[in-house]
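Trainee: I am new to this structure and would like to learn how its descriptive words are earned. Could you show it to me and take me through the terms one at a time?

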Amino acid sequence: MGPAERVLARLRDAVPDVDLTDPAWGLLTGPSWSMEVDIGSEVPVRSVTLHVRGSGDDVLPVVLRIAAALGCRAVDYSTAELLTGAEDLAGWHGFQGYRDRVLGQE
């Protein structure tokens, strides 16, 4: 992905509200979700992991915008599939269902 300074600048351009106080671990909050942006301290930056929590399908366009800004593809770890569009909600909905079952909120 490149030098950390370039990765951080691209993140700020894509999502201006991102909190990069800790340049290795950013935070982003949406209306019904939160996201931790794990950039790490590897030089150069080789990957970024997005830890997404909450609900609301409006998070997928943000994930895709971040991936595009960083010049990479987004992989949904719960399905092992590449995210190609905002309609790729299976993994996100699956996570929410699992979370709700575990927490007894179904």
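Mentor: Let us begin with exposure: a residue is buried under 20% relative accessible area, exposed over 50%, and partly exposed in between, with a 1.4 Å probe and protein chains only. Please keep in mind that this is a predicted model, in which local features need pLDDT of at least 70 and side-chain atom pairs count only at pLDDT 80 or more, while totals for chains, interfaces and linings use all residues. Residues are numbered from 1 along each chain as its sequence is written, and side-chain values use heavy atoms, with hydrogens and water left out.

Trainee: Why is R53 called partly exposed?

Mentor: R53 has a relative accessible area of 40%, and partly exposed is the class between 20% and 50%, so R53 belongs there.

Trainee: What makes the contact of E36 and R53 a salt bridge?

Mentor: A salt bridge requires a side-chain nitrogen of Lys or Arg within 4 Å of a carboxyl oxygen of Asp or Glu. The N to O distance for E36 and R53 is 2.6 Å, so the pair meets that rule. E36 lies in strand β2 and R53 in strand β3, 17 residues apart, so that the pair links distant parts of the chain; strands here are DSSP runs of E with at least two residues, helices are runs of H or I with at least four, and both are numbered from the N terminus.

Trainee: How do you know that R46 and E42 form a salt bridge too, and why is R46 called exposed?

Mentor: Their closest N and O atoms are 3.5 Å apart, which the 4 Å limit admits, and by this rule the count comes to 2 salt bridges. R46 has 56% relative accessibility and therefore counts as exposed, whereas E42, at 43%, counts as partly exposed.

Trainee: What makes β1 and β2 a pair?

Mentor: Two strands pair if DSSP finds at least two bridges between them, and β1 and β2 have 5 bridges in the antiparallel sense, so the condition is met. One of the bridge partners in β2 is V37, which faces G26.

Trainee: Which residues touch the most other members of the largest nonpolar core?

Mentor: They are L11, L28, M35, I39 and I66, among 24 residues. Such a core is a set of buried Ala, Val, Leu, Ile, Met, Phe, Trp, Tyr and Cys residues joined through side-chain atoms within 4.5 Å. The largest share of this core, 7 residues, comes from α2.
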